[in-house]
Amino acid sequence: MNIEAYKTDVKTKEDARFIVALLQFVISDCIMNFDLDDSNHILRIETNREIKEMVYGVFNKQGFYCQKL
């Protein structure tokens, strides 16, 4: 299992819950959470496969920014 981290512009718990719900619909076999207290609003995802493009797609479609760290 690998942990991927993404820098995001998600600022509220509501938006974070919304993004996680969408991501879990698309990538159901991963464990994910936001650290909104971090200055980069980090999204961490535990996965064992390549998911970067799916994550970017969900963020872009919803008008949010993310960048894999």
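The following exchange asks how some labels in this predicted model are justified.

Mentor: In this predicted model, local features need pLDDT of at least 70, side-chain atom pairs count only at pLDDT 80 or more, and totals for chains, interfaces and linings use all residues. Residues are numbered from 1 along each chain as its sequence is written, and side-chain values use heavy atoms, leaving out hydrogens and water.

Trainee: What makes Arg 17 and Glu 14 a salt bridge?

Mentor: The term requires a side-chain nitrogen of Lys or Arg within 4 Å of a carboxyl oxygen of Asp or Glu. The closest N and O atoms of Arg 17 and Glu 14 are 3.8 Å apart, so the pair qualifies. Both residues lie in helix α1, 3 residues apart; a helix here is a DSSP run of H or I with at least four residues, and a strand a run of E with at least two.

Trainee: Why is Arg 17 called exposed?

Mentor: Buried means under 20% relative accessible area, exposed over 50%, and partly exposed in between (1.4 Å probe, protein chains only). Arg 17 has 53% relative accessibility, so Arg 17 counts as exposed.

Trainee: What makes Arg 44 and Asp 35 a salt bridge, and why is each called partly exposed?

Mentor: Their side chains meet at 3.9 Å, N to O, so the distance criterion is satisfied. Arg 44 has a relative accessible area of 34% and is therefore partly exposed; Asp 35, at 25%, also counts as partly exposed.

Trainee: What does the salt bridge between Arg 49 and Asp 29 tie together?

Mentor: The N to O distance for Arg 49 and Asp 29 is 3.0 Å. Arg 49 lies in the loop between β3 and α2 and Asp 29 in the loop between α1 and β2, so the pair ties together parts 20 residues apart in sequence.
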